[in-house]
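Hi everyone, thanks for coming along. I'd like to walk you through one structure today, going from the contact between chains to some local details. Here it is on the screen.

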Amino acid sequence: MPVNRVKFYQTGSYAVGNRLLDPRSRAVQSDPARTNAITTGHRACQGCGEALGARYVLDAAMRATGGKLVTVNATGCLEVFSTPFPESSWRVAWLHSLFGNAPAVATGVAAALRAQGREDIRVIGQGGDGGTVDIGFGCLSGMFERDDDVLFVCYDNQAYMNTGVQRSGATPPAARTATTDAVGPAPGNAFGQGKDAPRIAMAHGIPYVATATVADPRDLEYKVERAMSFRGARYLHVLVPCPLGWGSAARDTVRLARLATQCGLFPVYEAERGDVVAATPIRAAVPVTEYLRPQRRFAHLFRPELRTDVIGRIQAIADANIARYGLLEAGHD
Amino acid sequence: MTEQIEGSKAVARAVAACRPRVVCAYPISPQTHIVESLSTLVRTGVLPGCEFVNVESEFAAMSVAIGASATGARAYTATASQGLLFMAEALFNAAGLGLPIVMTVANRALGAPINIWNDHSDAMSQRDSGWIQLYAESNQAATDLHVQAFRLAEEMSLPVMVCMDGFVLTHACEPVEVPTVEQVGGYLPAFVPRQRLDPDAPVTIGAMVGPEAFTEVRYLAHRTHLDALSRIPALGEEFARGFGRPGMSLLAPYQADAETVVVALGSILGTLKDTVDGLCADGVSVGVLGLTAYRPFPGAALCAALRGARRVVVLDRALAPGVGGVVAADVDTALRGTRTPRYDVVAGLGGRPVTRASLDAMLRAAARDALDPVTFLDLDTDLLAGAAGHG
């Protein structure tokens, strides 16, 4: 009979357990005092980055607000897998209205709470990249511009996964989706100008904008707590790999999120009132191929021939991010 | 106290007297004067404890109202025409979630061609959205309907649209008695939501419902609408007792025990009544049956009211292309099983004035059964001939 060896000293790992470690170094799951904004039994796929991200975000927000939290959810995977009537995984006050209106609904909740003198209750709006950077973008920009007291969280898995992996405004160049086939001279998604939602949010001059990934849950939690220390419109953009849409192994969700930051394609930073105030440095930049190769949505860049031309353009995007945010500061490489 | 006041301002003051907590505004003619007035009432402290949210679209206006209402706040907005279409998705959502939002629709045509003037195409296009639709004949009716709409909406947990003809009513100054906060307080209790977003008692609102329960959800929506058919006149009578003037009813008959009965809704009813007075003086037996409630549709009451009629004319200010009138189809459904001849008259589209002379001629023709099944009132055949020449 095979025996699984139990390791009690997994310093630096993210495994469950580790109660012998200092509390700040423990895996988040091992904390007996953690809240449960979203409970087990939901219907997310194995390895779902969005379920992971939403859990850390909302649990952190619950802690930061003492449980005084209302959540508004856009239509999408997160909404569908968590609330198949008559079941619900949510342990927070939760409202789903439509795909494109979550930021405006959140504004309405905040306005009502203010009129009722209940500004102790805080509001989070959340959605996927489609609900945020595409169909909900008008409402999001309106909420930012009015500086409504809402934290909006985008769980970015870079395509319309709920409907079967179609391209969104957040789909990266060259990625294969159901509507950007990997055929022809320019396979996959086009190299457009991109839609850098966090920077667009920053351009609104709102109090707080941050990016994060599910590879660094402590950082993610910190940013939620930080966001909750501000009043007004705030935006958190979380990279959440999707095994189904990315064509990656369920066990690679966290690894891919980490590679996305380490290669420079997904810079992790914080901004206040339109200015970057902190960026998470990269110890040593990894080539983008390390990040691209494990994902079947980029397989056409490696087979039948290595598309060094396309990979070079992607590497240039990563390099530009590294330069823009100073991700390879001296002392870190 | 009766005062000479613009319809929009009277409506805004009536809405303010209902003490909404959240008012969302996005400008579109001819609704703008209502939200402008409400903005002033909030800014000057006449309407305290209210958040006035200037949104970036009508879709956002209804969405903000949805969020506010789900949080237990009395919510109001106003729109018209393209704005109503732009919020269409959110309209169905508000109704499905059972949120008692009240909205004024300053009825206006839909483009293309773009046209800012009055007809009923906008509200009629949303007849199946699940909202209750009440139509005002006058500015006094429009003003009073808003107070009753909040009461009805909150009792039924359903959103209510108060439809008033754009420009014809919204921009018309006439004597109106505007309800006071004290009067409204005796009629409209504090809003107690059916369920509400509350961290101390968290609920999931807006879950996904599959085939196993969706039909039942829709059946309940239908049943709630049917229940509203009895609540509308009851709340109207209660309003009349408290305010000393008529409250809402399903139907507004005027000499309706006639041979020819015209069914219509909105401000055209005034002109129709004048026309009917003239016809009766000439010995032509014509009456009017006004519709206040269009959704839910008072089919049984309408059928009973039309039992003695030898023919029915339905005057529509909206068109279902390829069909004819919109309300006419509902009247047909109500008259199912009867043999009463029924004529569609499509009139007043895009602000075309509906004159007493045109109505008089049309009704005399109807009384002789000399009317086409579908008539476009005052159709300019010269203009059509010119258009054909260019074709």
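Before the first count, one term: when I say contact, I mean heavy atoms within 4.5 Å. And please keep in mind throughout that this is a predicted model.

Let's begin where the two chains meet. Here 37 residues of chain A are in contact with 36 residues of chain B. People often give the size of an interface as the accessible area lost when the parts come together. For chain A and chain B, that buried area is about 2800 Å², with carbon and sulfur atoms giving 63%.

What about polar interactions? Between chain A and chain B there are 15 residue pairs in polar contact, both residues being at pLDDT 80 or more. Several elements of chain A each bring at least two residues to the side that touches chain B: strand 1 (69–73), helix 2 (77–82), strand 2 (93–96), helix 3 (102–115) and helix 5 (137–146). Which of them gives the most? That is helix 3 of chain A, with 10 residues. Sorted by class, the side of chain A facing chain B has 20 nonpolar, 12 polar and 5 charged residues.

The interface of chain A and chain B also has 2 salt bridges. In one of these contacts, B:Glu56 and A:Arg146 meet through their side chains, with 2.7 Å from N to O.

Just after helix 5 of chain A there is a backbone detail to look at. A:Asp147 sits in the loop between helix 5 and strand 4 of chain A. Its phi is near 60°, a positive value in a residue that is not glycine. For context, most residues other than glycine have a negative phi, and most peptide bonds are trans.

Now for the sheet, which I enjoy because the chains share it. It is an open sheet of 9 strands with mixed pairing, and the order reads 8(A)-7(A)-5(A)-6(A)-4(A)-3(A)-1(A)-2(A)-9(B). Which strands sit at the edges? They are strand 8 (275–279) of chain A and strand 9 (204–205) of chain B, each pairing on one side only.

At the chain B end, strand 2 of chain A and strand 9 of chain B run parallel and are joined by 2 bridges. If you'd like a residue to find on screen, look for A:Leu95, which stands opposite B:Ile205 in strand 9 of chain B.

Moving inward, strand 3 (residues 122–128) and strand 4 (residues 151–156) of chain A also run parallel, this time with 5 bridges. There, A:Gly127 stands opposite A:Cys154 in strand 4 of chain A.

At the other edge, strand 7 (residues 269–272) and strand 8 of chain A are antiparallel, with 4 bridges between them. A:Glu270 has A:Ala278 in strand 8 as its bridge partner. The hairpin of strand 7 and strand 8 of chain A has 2 residues between the strands, and A:Arg273 there takes a positive phi near 50°.

Let's turn to chain B on its own. The domain assignment splits chain B into domain 1 (2–243) and domain 2 (251–386). Their contact takes 25 residues from domain 1 and 24 residues from domain 2. Taken over C-alpha atoms, the centres of these two domains are 27 Å apart.

How much area do the domains of chain B bury between them? It is about 1900 Å², with 60% from carbon and sulfur atoms. Of the area that domain 1 of chain B buries against domain 2, B:Met124, B:Arg127 and B:Glu137 supply 32%, more than any other three residues.

B:Glu137 comes up again in a salt bridge with B:Lys273, where the closest N and O atoms are 2.8 Å apart. In total, 2 salt bridges cross this domain interface. By class, the side of domain 1 of chain B that touches domain 2 has 14 nonpolar, 6 polar and 5 charged residues.

Last stop: two cis peptide bonds in chain B. One joins B:Ala112 and B:Pro113, with omega about -5°. B:Pro113 is in the loop between strand 5 (102–107) and helix 6 of chain B. The other joins B:Arg295 and B:Pro296, with omega about 0°. B:Pro296 lies in the loop between strand 13 (293–295) and helix 11 (299–305) of chain B.

That's my tour, and I'm happy to take questions.

Methods:
Residues numbered from 1 in each chain as written. Chains lettered and ligands numbered in written order. Predicted model: local features only at pLDDT ≥ 70, side-chain atom pairs only at ≥ 80, totals over all residues. Heavy atoms only, no water. Domains from an automatic or database assignment. Buried area = accessible area lost by both parts, 1.4 Å probe. Salt bridge = Lys/Arg side-chain N within 4 Å of Asp/Glu carboxyl O. Nonpolar A, V, L, I, M, F, W, Y, C, P; charged D, E, K, R; others polar. Pairing = 2+ DSSP bridges. Polar contact = N/O pair within 3.5 Å; in protein donor to acceptor, adjacent residues only side chain to side chain.
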